[in-house]
Amino acid sequence: MQILKMLRSFRYALAGIRILLTENNAQFHVLAGVVVVAAGFYFQISANEWAIIITQIGLVLVVEALNTAIEKLCDFVSPEYEQLIGKVKDLSAGAVLIMSIVAVIVGFIIFLPKLFTQTLF
Ligand SMILES: Nc1ncnc2c1ncn2[C@@H]1O[C@H](COP(=O)(O)OP(=O)(O)OP(=O)(O)O)[C@@H](O)[C@H]1O
């Protein structure tokens, strides 16, 4: 019966991913991820580079999912204006911004040298 419980949890988790994919910001991050994966194939990045890139994409989506969950919880708990709720939402959005900046920097570190050596020479 444990396996049935696990399967049910998996179904709920998939439903969560479906909810995430209806959000504009998440759709943008998925699109950015697709572009980066395409660039990875184009530049034939190494196994280690793939591991780093996939981890970055995963982390951005995970933080985006947690941010969306926090936003929805805030909206439920306090539909009216509340200073503390505002701070919670700002912090949560800040986490997404930090992770996105880190991912972009990592992307630059991996792709910029390839862009210069493989397209210019
Ligand atoms: N209930 C609230 N009380 C205080 N401040 C709030 C509240 N709701 C939103 N805010 C402020 O407005 C900002 C944006 O809120 P929120 O992310 O809900 O709006 P949005 O960007 O329009 O939402 P969505 O991401 O769903 O489009 C928050 O980071 C926070 O500063």
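Colleague: How far does a polar side-chain atom of Glu71 lie from an oxygen atom of the ligand?

Modeller: This model is predicted: local features need pLDDT of at least 70, side-chain atom pairs count only at pLDDT 80 or more, and totals for chains, interfaces and linings use all residues. Residues are numbered from 1 along each chain as its sequence is written, and side-chain values use heavy atoms, leaving out hydrogens and water. For Glu71 the distance is 3.2 Å.

Colleague: Which residue has a polar side-chain atom 2.4 Å from an oxygen atom of the ligand?

Modeller: Lys89 has such an atom at 2.6 Å. The residue at 2.4 Å is Asp90.

Colleague: What percentage of the ligand's exposed area does the protein bury?

Modeller: Alone, the ligand exposes 610 Å² (Shrake-Rupley method, 1.4 Å probe). The protein buries 52%.

Colleague: Which helix gives the largest share of the shell around the ligand?

Modeller: The shell includes Glu71, Ser78 and Tyr81 (a heavy atom within 4 Å). Helices are DSSP runs of H or I, at least four residues, numbered from the N terminus. With 4 residues, the largest share comes from residues 83–120, helix H4.

Colleague: Where do the buried residues of H2 sit around the axis?

Modeller: H2 spans residues 24–42. Its buried residues (under 20% relative accessible area, 1.4 Å probe, protein chains only) are Ala26, His29, Gly33, Ala39 and Gly40. They cover an arc of only 135 degrees, taken from the axis to the C-beta atoms. Therefore they lie on the same side of H2.

Colleague: Which residue just after H2 takes a positive phi?

Modeller: Look just past the end of H2, residues 24–42. The phi there is about 50 degrees, and the residue is Gln44.

Notes. A polar contact is a pair of N or O atoms within 3.5 Å; within protein, one must be able to donate a hydrogen and the other to accept it, and residues adjacent in sequence count only if both atoms are side-chain atoms. Helices (H or I, at least four residues) and strands (E, at least two) are DSSP runs, numbered from the N terminus. The expected span of a helix is 1.5 Å times one less than its number of residues. Buried means under 20% relative accessible area, exposed over 50%, partly exposed in between (1.4 Å probe, protein chains only).
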